[in-house]
Amino acid sequence: MTAISEIDTLIVDLPTIRPHVLAMATMHSQAIVLVRIRDADGVEGLGEGTTIGGMSYCEESPETIKLAIDQYIAPIIKACGSVSVQQAMRTVNLSVAGCHIAKCAVETALLDIAGKRLGVPVSELIGGGRVRDRLAVAWTLASGETGRDIEEAERVLDLRRHNIFKLKIGKRSVRDDVAHVAAIRRAVGDRASVRVDVNQHWDEAQTDLGMKLLEDVGCDLVEQPVAKGNLAAMVRLSAKHVIPLMADEALHGPADAFAIAAAGGARVFAVKIAQSGGLMPAYHVAAIAEAAGVGLYGGTMLEAGVGTAASAHLCASMPSLAWGTELFGSLLVKEDILAEPLRYSDFQLEVPKGPGLGIALDEDRVAFYRRDRVTPRLH
Ligand code: MUC
Ligand code: MG
């Protein structure tokens with residue numbers, strides 16, 4: 001890559017189409033950190049660093065992501081000169097611990113530049129290159145009300161947009177949560193796959209009961225029911241139940257992937273570029289899963305268009321993707337910041353085909369929704 005001359009970050013707050021009720025937070029808007037990097041020839045790359053519910057999901061927040069990039073990562077990248085994206089990120093990793101979401105945002109923008117310079121989509125730069133153009137895409141039912149969730153499921157099924165539903169549970173008692181899942185399962189019948197995400201809110205005994213009951217009502221997958229550090233419980237639960245346990249919060253890159261796969265702690269991995277520290281480490285997570293016979297799913301941090309496109313490029317390059325993806329973040333916000341929206345049809349997301357990420361920004365919307373905007377918003 002050509003030397004990098006400019007790295008800018010800004011926080012953009014995008015209202016959601018409805019409250020998104022998760023076990024640890026209720027979201028009314030999504031805060032994304034948008035990264036723009038320009039090389040010495042003026043080629044611009046875009047990246048996005050996004051987490052969920054302030055600091056309720058993980059250690060990084062929009063504000064710390066921005067600070068980590070501005071204060072620590074950007075000066076290192078600028079000092080790297082003309083090196084490959086991989087070499088630049090290796091150099092960053094020598095001096096910056098953790099900060100996976102911040103690193104992912106920067107790596108994404110560097111890959112966007114690299115793809116633009118080479119005239120190929122980012123998916124061609126990951127692993128052995130792109131193996132698919134379309135991705136099955138789940139929708140999360142998380143309005144907080146069973147009836148409203150069923151109406152929403154019917155609407156997106158009719159639109160042929162989603163036939164995989166992830167239900168956010170963990171706030172109520174196990175039996176109440178299972179009753180909610182059973183009602184949705186009954187309503188959609190065999191038209192859709194129904195899965196749950198507990199976001200670490202159960203202990204092992206609750207999960208034992210929950211997995212048994214969920215299996216009985218026809219739920220297909222249980223995501224991160226117990227605390228991310230409780231690998232021993234994940235191993236016992238995976239060995240005991242037929243319904244697969246999927247690791248999410250427990251997976252922070254290749255080392256975690258290896259430890260979980262080696263111990264038998266999960267039968268499916270939710271691969272997230274943000275949690276993994278970028279597309280390249282996320283690809284290694286997927287490769288470890290593949291070697292261990294662990295199923296793959298393309299996870300999201302509810303990124304808007306830039307991060308969703310980046311995740312789509314990773315998923316397009318992953319060796320297998322048996323469980324599909326949940327790359328719907330750009331549909332959860334009232335207005336995305338892309339000039340051309342991402343395309344969803346026939347229950348799938350089209351992976352952009354243009355060079356780099358294959359996307360461009362709607363600059364007016366960025367100006368309107370940026371947190372540091374000086375003129376007041378009129379709506
Ligand atoms: C998570 O924990 O997976 C993904 C979809 C969604 O609704 O929330 C996220 C977070
Ligand atoms: Mg999850």
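In this predicted model, 53% of the 379 residues of the chain count as buried. The chain contains 13 helices and 13 strands. Its radius of gyration is 20 Å, close to the 21 Å that the globule rule gives for 379 residues, so the chain is as compact as a globular protein of that length. Along the principal axes, the C-alpha trace extends over about 60 × 50 × 35 Å.

An open sheet is formed by seven strands, in the order β5-β6-β7-β8-β9-β10-β11, with parallel pairing. The edges are taken by β5 (139–141) and β11 (295–298); each has a single partner strand, so one side of each is left without a neighbour in the sheet.

At one end of this order, β5 and β6 run parallel and are joined by three bridges. Within this pair, Thr140 has Lys166 of β6 as its bridge partner. Strand β6 (residues 164–168) is in turn joined to strand β7 (residues 193–197) by five bridges, and these two strands also run parallel. Here Phe165 is matched with Val194 of β7. Strand β6 is mostly covered, as five of its five residues are buried. Ile164, Lys166 and Lys168 point to one side of β6, whereas Phe165 and Leu167 point the other way, and burial applies to all of them. The buried set in β6 thus includes the lysines Lys166 and Lys168.

Further along the sheet, strand β9 (residues 245–247) pairs with β10 in the parallel sense over two bridges. The bridge partner of Met246 in β10 is Val268. Strand β10 (residues 268–271) is covered on both faces. Val268 and Ala270 lie on one side and Phe269 and Val271 on the other, and all four of these residues are buried.

The loop between β9 and α8 (254–263) contains Leu251. This residue has 27 C-beta neighbours inside 10 Å; the threshold for burial is 20 or more, and Leu251 therefore counts as buried. Leu251 and Val271 are separated by 20 residues in sequence, and their C-alpha atoms are 7.8 Å apart in space. Val271 belongs to the β10 face that also carries Phe269.

Among the helices, α11 (residues 305–317) comprises 13 residues. The distance from its first C-alpha to its last is 19 Å, close to the 18 Å expected at 1.5 Å a residue. Burial extends to 13 of the 13 residues of α11, so the helix is largely enclosed by the rest of the structure.

The shell around ligand 1 is made up of Ile52, Thr140, Ala142, Asp197, Asn199, Asp248, Gly299, Thr300, Leu302 and Glu326. By class, it consists of three nonpolar, four polar and three charged residues. Two of the strands described above contribute to this shell: Thr140 falls within β5 (139–141), and Asp197 is the last residue in the range of β7 (residues 193–197).

An unreviewed UniProt entry carries the annotation "domain: Mandelate racemase/muconate lactonizing enzyme C-terminal" for residues 146–244. In the model, this span is 52% helix and 12% strand. The C-alpha atoms at its two ends lie 24 Å apart. Strand β6 (residues 164–168) and strand β7 (residues 193–197) fall inside the annotated range.

Key:
Residues are numbered from 1 along each chain as its sequence is written. Chains are lettered from A and ligands numbered from 1 in the order in which they are written. This is a predicted model: local features need pLDDT of at least 70, side-chain atom pairs count only at pLDDT 80 or more; totals for chains, interfaces and linings use all residues. A residue is near a molecule or strand if its C-beta atom, placed from the backbone, lies within 6 Å of it. Ala, Val, Leu, Ile, Met, Phe, Trp, Tyr, Cys and Pro count as nonpolar, Asp, Glu, Lys and Arg as charged, and the others, Gly among them, as polar. Two strands pair if DSSP finds at least two bridges between them. Helices (H or I, at least four residues) and strands (E, at least two) are DSSP runs, numbered from the N terminus. The expected span of a helix is 1.5 Å times one less than its number of residues. A residue is buried if 20 or more other C-beta atoms lie within 10 Å of its own, exposed if 12 or fewer, and partly exposed in between; C-beta atoms are placed from the backbone. UniProt positions are given in the numbering used here, feature names are shortened, and annotations may be inferred rather than shown by experiment. The radius of gyration is taken over C-alpha atoms; the globule rule is 2.2 Å times the number of residues to the power 0.38.
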